[in-house]
Amino acid sequence: MLQSKIFSKTNKNKLAEGESVSNDLLARAGFIDQLMAGVFSFLPLGFLVLKNIEKIIRENMENAGGQEILMPVLQPKENWLKTGRWTSLDVLFKLKGSGDKEYALGATHEEVVSPLAKKVIFSYRDLPMSVFQIQTKFRDELRAKSGILRTREFLMKDMYSFHASQEDLDKYYDKIIKVYFNIFKELGIRNKTYLTLASGGSFSKYSHEFQMVTEAGEDLIYICQKCKTAINKEIFFEIKNCPNCNNLNKFSAQGGPASGWEEKKAVEVGNIFKLGTKYSAPFDLKFRDKDASEKPVIMGCYGIGLSRALGAVVEANCDEKGIMWPKKIAPFTGHLIELKSKRKIVKNTAQKIYQDLKKEGIKVLYDDREDKSAGEKFAEADLIGIPLRIIVSEKTLEKKSVEIKERGKNIVKFVKIKQLIKIFK
RNA sequence: CGGGGUGUUGUGUAACGGUAGCACGAAUCGUUUGGGACGAUUUAGUCAGAGUUCGAAUCUCUGCACCCCGACCA
């Protein structure tokens, strides 16, 4: 992509609004644009990252046996009445169609996937089964905040699994925990993400959240220093021992956590629930077991907010100059920067390198702008945060080389142009 | 939803009730040319409506929007 043509502009001035670092950087670097409170557009750079995150999540879900589907955003009121969530789920967007017919905008999809599964699952032979989708969700949050971290419209992967027994669900649930950690590893936030025991909300007594530690987070978690498992503050006081290693959970005289536990602010990047029969029951989702008896299907659900994860990645990977994208999700692998020169050879060489890298399938953002000073280009490159910078200038051409610099590191290497492709292999 | 705050050009900010200014951006020209370079010229704004006043960005009211704290959060 040519930087001279890109559908966004960077902004030198810090934004006045909002508290979160990720929002400031993503907006200033031209990844996102706010339309209203809690609603954002993804510009070319942001959308590229979002698609990379989507790819990672999709691959991992498919590896876990999930089949991708796409369910409707627009949903009938009746289904939500059946589960009681038409009135109990405060964040549900409701709207009126013609003739006063009422609809819900999908905040989550148990009300759609459960009756859908009823048309597919009849026998123990049909189980287990799991489906997922990556789709825009709508939640009428009373207060949107922290930029892209808490929004009213957001991209989410939600998976639903169906099982013949509790044991089978338990097994699958544990498998998904591993898969989720692998996803967060690929997103570059594994070392800050903790499996956290949390309230089950309207689903079940407890659930597990994947909480990424950051000052921008709105949750408080307590991390067991023995095994690095965490407990969400909302249930910390009712849990007597670490759910993983039995580390004693006593409280200090001040009411805070005892030694052996660390309190941290965190943002929830994933959440998994054992639904049991909570949604199979109202929709009469049953199956015939081996002994011909009729049993309710046991369900689980597993969510990851993609757009929130994008913000979380930035919170965890930035410095005072800008974003530092993990390689796997960076919008581009390389940022080719041509410095201004009167000698045509500089531009010609840069163009040649750009074409060669493209031919090799390497994603490159090419700063071909002629009216920008070197300092300006470097500052913008730091802000955008592409992992590898390739500089072409009169200076580098004297050595038949380009200059290579990793974002966030101060080591500059000269590499012969002929050798350049190898760096990306 | 409760509480608080703020709305001035694309962005960030100034202006006692008395000429709406500055920086960045954008545009043109020239000079520069390895960390947001310099000069000149230009561009564009008081959230909306009502009120008080000789006069309102400034005071009052209503509405709208955004931000922050809290509550809520599959």
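## Nonpolar cores

In this predicted model, the largest nonpolar core holds 102 residues, and the members that touch the most others are Ile 53, Leu 306, Ala 309, Leu 310 and Val 313. Domain 1 (3-319) and domain 2 (332-424) each contribute at least three residues to this core. Another core, of five residues, lies apart from it and includes Trp 80, Leu 92, Ala 107 and Phe 138. In soluble globular proteins, nonpolar side chains tend to be buried together.

Beyond its neighbours within four places in sequence, Val 313 is in contact with Leu 187, Gly 188, Ile 189, Pro 326 and Ile 329.

## Strand E8 and its partners

Strand E8 spans residues 153-163, and ten of its eleven residues are buried. Strand E7 (residues 129-138) runs antiparallel to E8 and is joined to it by ten bridges. One of the pairings between these strands links Phe 132 with Met 159 of E8.

Strand E16 (residues 298-305) is also antiparallel to E8, with eight bridges between the two. Here Tyr 160 has Cys 301 of E16 as its bridge partner.

## Helix H1

Six of the eight residues of helix H1 (residues 21-28) are buried. These are Ser 22, Asn 23, Leu 25, Leu 26, Ala 27 and Arg 28.

The elements covering the buried residues of H1 include three helices, H2 (44-63), H8 (306-316) and H10 (374-384), and the strands E1 (32-36), E17 (318-319) and E18 (322-323). After H1 comes Gly 30, which has a positive phi, near 85°.

Definitions and conventions: Residues are numbered from 1 along each chain as its sequence is written. Chains are lettered from A and ligands numbered from 1 in the order in which they are written. This is a predicted model: local features need pLDDT of at least 70, side-chain atom pairs count only at pLDDT 80 or more; totals for chains, interfaces and linings use all residues. A nonpolar core is a set of buried Ala, Val, Leu, Ile, Met, Phe, Trp, Tyr and Cys residues joined through C-beta atoms within 7 Å. A residue is buried if 20 or more other C-beta atoms lie within 10 Å of its own, exposed if 12 or fewer, and partly exposed in between; C-beta atoms are placed from the backbone. Domain bounds come from an automatic or database domain assignment. Two residues are in contact if their C-beta atoms, placed from the backbone, lie within 7 Å. Helices (H or I, at least four residues) and strands (E, at least two) are DSSP runs, numbered from the N terminus. Two strands pair if DSSP finds at least two bridges between them.
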